[in-house]
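User: Could you take a close look at one part of this model for me, the nonpolar core, and tell me how it sits within the rest of the chain?

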Amino acid sequence: MTDTQARIKVAIQKSGRLTDRSLELLERCGLKYTRGRDQLIGFGENMPVDVLLVRDDDIPGLVRDDVCDLGIVGMNVLEERRLQFVAEGHAEPFRVVRPLDYGRCRLAFGYPEDGPIRAVGELGGRRVATSYPRIVQDYLTRTGVDARVVEFSGAVEIAPSLGRADVICDLVSTGATLAANRLREGETILDSQAILIQTPQQVPPGKTEWIDRLLQRIDGVMQVRESKYVMMNAPIAALPEITRLLPGAEAPTVIPLEGRGDKVAIHVVCRENVFWETLENLKRAGASSLLVLPVEKMLP
Ligand code: ATP
Ligand code: ZN
């Protein structure tokens with residue numbers, strides 16, 4: 001690391017549902033950081049990577065303006081901001097690098113249980129409360145429904161009981177909040193999860209190496225989550241059937257076993273979880289001494 005090397009800034013949520021998993025992801029990429037006194041920046045100690053801790057709503061703008069090189073934010077916030085930025089004339093405000101497979105939720109309609117409305121098609125002339133006015137308006141326009149969108153910055157679920165709206169469109173994960181407010185879940189208009197985004201600007205030469213390394217490590221972390229290293233012994237003739245049974249397997253390594261006739265050792269990385277049923281099927285196909293190990297790190 002040289003003094004002149006540009007530092008990479010990654011924006012993540014300061015405190016909320018995405019914070020722990022985002023920090024864990026960066027830590028699993030090898031990043032060690034110290035928090036500044038104001039707690040707003042994590043200074044990377046062993047890589048030229050700093051973490052900016054901000055409100056999730058600010059992340060798309062920080063990345064668009066190239067204040068941060070990368071950001072992690074929910075698809076819901078990202079899509080709402082994208083519609084806003086595009087309306088303001090930014091053709092490509094940020095690049096979506098990859099979904100990160102956490103922070104899953106959905107943006108869905110909620111209809112009062114004792115009310116008359118059961119579906120989007122019945123929303124003509126009604127009011128929809130939401131914190132995602134652009135996504136909802138875009139959806140209503142595309143479905144040809146003429147409803148009025150009422151923006152709420154929080155506590156959307158109480159809007160119908162306050163008489164401020166007829167229905168809501170809000171984030172749902174378990175549905176418990178809807179149920180507690182006597183709302184029935186309706187159509188989903190967006191499936192969301194945490195997304196890694198990058199500025200649309202050309203990466204300056206001083207930053208390419210570490211951005212590439214970080215993205216490759218994130219890929220590695222994502223891949224090992226479900227991956228397993230599977231070892232077993234089997235007759236060589238059973239190899240085609242064994243390969244077929246292994247979920248998401250790469251080409252196996254086949255090693256002859258000294259003095260065991262046609263028996264071989266098979267080692268293989270599976271990109272999906274390996275369940276007991278799979279092991280039982282492998283045993284039926286002729287495998288023995290089965291061993292499944294977690295994968296710690298992976299670099300393709
Ligand atoms: P901030 O203070 O950063 O603005 P916030 O209150 O907007 O925080 P959180 O409630 O922490 O945000 O949610 C952050 C993100 O987590 C959401 O935008 C969404 O992508 C995701 N998420 C996952 N499950 C849920 C859920 N059940 N309800 C709300 N958001 C969820
Ligand atoms: Zn927010």
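Analyst: Happy to; here is a walk through the core, followed by the overall layout and the metal site.

Please keep in mind that this is a predicted model. Let's begin with the frame around the core. The protein is divided into domain 1 (3–101 + 194–224), domain 2 (105–192) and domain 3 (228–294). Its secondary structure comes to eight helices and 16 strands. Buried residues account for 45% of the 300 residues.

Now to the part you asked about. The largest nonpolar core has 33 residues, and those that touch the most other members are Phe109, Leu123, Val128, Leu140 and Ile189. Several elements give two or more residues to this core: among the helices are H2 (59–64), H3 (75–87) and H4 (133–143), while the strands include S4 (49–54), S7 (105–112), S10 (167–172), S11 (183–192) and S12 (194–198). Where does that place the core? Because domain 1 (3–101 + 194–224) and domain 2 (105–192) both give residues to it, this core lies between them.

Leu123 is a good residue to zoom in on. Leaving aside residues up to four places away in sequence, Leu123 touches Phe109, Ile117, Val128, Leu140, Val145, Asp146, Ala147 and Val167. Three of the names in that list, Phe109, Val128 and Leu140, are also among the residues that touch the most other core members. As a general point, nonpolar side chains in soluble globular proteins tend to be buried together.

There is also a second, separate core of 25 residues, which includes Val10, Leu23, Leu25 and Leu70.

Stepping back to the whole chain, the C-alpha trace spans about 80 × 55 × 35 Å along its principal axes. The radius of gyration is 25 Å, well over the 19 Å that the globule rule gives for 300 residues, so the protein is more spread out than a compact globule. The C-alpha centres of domain 2 and domain 3 lie 50 Å apart. Of the contacts between residues at least 6 apart in sequence, 69% join residues at least 24 apart.

Finally, a look at the metal site. The zinc ion (ligand 2) is coordinated by Asp56 (OD) and Asp57 (OD), at 2.1 Å. The four donor atoms around this zinc ion subtend angles of 74 to 173 degrees, so the arrangement is irregular. Are these two aspartates buried or exposed? Asp56 has 18% relative accessibility and therefore counts as buried, whereas Asp57, at 26%, counts as partly exposed.

Methods. Residues are numbered from 1 along each chain as its sequence is written. Chains are lettered from A and ligands numbered from 1 in the order in which they are written. This is a predicted model: local features need pLDDT of at least 70, side-chain atom pairs count only at pLDDT 80 or more; totals for chains, interfaces and linings use all residues. Side-chain values use heavy atoms; hydrogens and water are left out. A nonpolar core is a set of buried Ala, Val, Leu, Ile, Met, Phe, Trp, Tyr and Cys residues joined through side-chain atoms within 4.5 Å. Buried means under 20% relative accessible area, exposed over 50%, partly exposed in between (1.4 Å probe, protein chains only). Helices (H or I, at least four residues) and strands (E, at least two) are DSSP runs, numbered from the N terminus. Domain bounds come from an automatic or database domain assignment. Contact means heavy atoms within 4.5 Å. Donors are N, O and S atoms within 2.8 Å of the metal (3.2 Å for Na, K and Ca); water is not among the atoms, so sites may look incomplete. Four donors count as tetrahedral if all angles lie between 85 and 135 degrees; four count as square planar and six as octahedral if opposite donors are over 155 degrees apart and all others between 65 and 115; anything else is irregular. The radius of gyration is taken over C-alpha atoms; the globule rule is 2.2 Å times the number of residues to the power 0.38.
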